[in-house]
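User: I am new to this structure and would like to understand the reasons behind the words used to describe it. Could you take me through them step by step?

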Amino acid sequence: MDIIWGNVGKVLSGQIFELNVTHKKNGNKNDYSEIEKIKVFQTDIMSLPVDLNECTIEQLEQNLGGSFVKCEIKNRENDGTLKSVVSHSGQGGY
């Protein structure tokens, strides 16, 4: 599974945000741009709703805005958005 890390930039919806990619796992099968659109498919961030379809832009901004996160890529959707498992990540150890 490909993994990328970076800082959450602009939040586009209750499930989608822009990631400013700063790190990429060695051995990733795909290439990633400096900025990728991420769709939160699953997360361990307890302050977000269990049903991510109920998550609002405000909740996503409040809980992830500016944060350094880890994104485990499930797939790239037809529009280029990366469907991902998103978690907070310690910057030093990724």
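User: What makes β5 mostly covered?

Analyst: This is a predicted model, and in it 5 of the 7 residues of β5 are buried, so the strand is described as mostly covered. The cut-off behind that word is a relative accessible area under 20%.

User: How do you know in which sense β5 pairs with β3 and with β4?

Analyst: β3 and β5 are joined by 5 bridges in the parallel sense, whereas the pairing of β4 with β5 is antiparallel and runs over 7 bridges. Two strands count as paired when there are at least two bridges between them, and therefore each of these sets is enough. Single positions illustrate the pairings: Q42 stands opposite V85 in β5, and N75 has K83 of β5 as its bridge partner.

User: What lies between β4 and β5, and which residue there takes a positive phi?

Analyst: The two strands form a hairpin with 5 residues between them, and in that hairpin G80 takes a positive phi near 95°. Another positive phi, of about 80°, is found at G66, just after α1.

User: Why is E36 called buried?

Analyst: E36, which lies in strand β3, has a relative accessibility of 5%, and because the limit for buried is under 20%, E36 counts as buried. Leaving aside neighbours within four places in sequence, the residues in contact with E36 are F17, E18, L19, V21, R76, G80 and L82.

User: What makes the pair of E36 and R76 a polar contact?

Analyst: The side chains of E36 and R76 are joined at 3.1 Å, and because a polar contact asks for a suitable pair of N or O atoms within 3.5 Å, this pair qualifies.

User: How do you know that the buried residues of α1 line one face of the helix?

Analyst: The buried residues of α1 are L60, N63 and L64. Seen down the helix axis, they fall within an arc of 80°, and so they line one face. An α-helix has 3.6 residues a turn, so residues three or four places apart point the same way. The face of α1 turned away from the buried side carries the exposed residues E58 and Q62, while what covers the buried residues includes β1, β2, β3, β4 and β5.

User: Why is Q59 called partly exposed, although Q59 is also found in helix α1?

Analyst: Q59 has a relative accessible area of 26%, and because buried means under 20% and exposed means over 50%, this value falls in between and Q59 is partly exposed. Not counting residues up to four places away in sequence, Q59 touches L48, P49 and E54. Q59 and S13 are 46 residues apart in sequence, and their C-alpha atoms are 9.9 Å apart in space.

User: What makes L48 buried, given that its place is in the loop between β3 and α1?

Analyst: The relative accessible area of L48 is 7%, and because that is under 20%, L48 is buried. Not counting residues up to four places away in sequence, L48 touches T43, C55, Q59, L60 and N63.

User: Is S67, in the loop between α1 and β4, buried or exposed, and how do you know?

Analyst: S67 is buried, because its relative accessible area of 16% is under the 20% limit. Beyond neighbours within four places in sequence, S67 is in contact with G6, N7, V8 and H88.

User: How do you know whether C55 and C71 are bonded or too far apart for a bond?

Analyst: The sulfur of C55 is 14 Å from the closest cysteine sulfur, which is in C71, and because a disulfide needs the two sulfur atoms within 2.5 Å, they are too far apart for a bond. A search of the whole structure accordingly finds 0 disulfides. Both cysteines are nevertheless buried, C55 with a relative accessible area of 8% and C71 with a relative accessibility of 0%.

User: Which residues have the most contacts inside the largest nonpolar core, and which elements supply that core?

Analyst: The largest nonpolar core has 20 residues, and those with the most contacts inside it are I4, F17 and C71. Two or more residues come from each of β1, β2, β3, α1, β4 and β5. Leaving aside neighbours within four places in sequence, I4 is in contact with residues including L19, V21, I38, V69, C71, I73 and L82. In soluble globular proteins, nonpolar side chains tend to be buried together.

Conventions: Residues are numbered from 1 along each chain as its sequence is written. This is a predicted model: local features need pLDDT of at least 70, side-chain atom pairs count only at pLDDT 80 or more; totals for chains, interfaces and linings use all residues. Side-chain values use heavy atoms; hydrogens and water are left out. A nonpolar core is a set of buried Ala, Val, Leu, Ile, Met, Phe, Trp, Tyr and Cys residues joined through side-chain atoms within 4.5 Å. Buried means under 20% relative accessible area, exposed over 50%, partly exposed in between (1.4 Å probe, protein chains only). Helices (H or I, at least four residues) and strands (E, at least two) are DSSP runs, numbered from the N terminus. Contact means heavy atoms within 4.5 Å. A polar contact is a pair of N or O atoms within 3.5 Å; within protein, one must be able to donate a hydrogen and the other to accept it, and residues adjacent in sequence count only if both atoms are side-chain atoms. The arc is that of the directions from the helix axis to the C-beta atoms.
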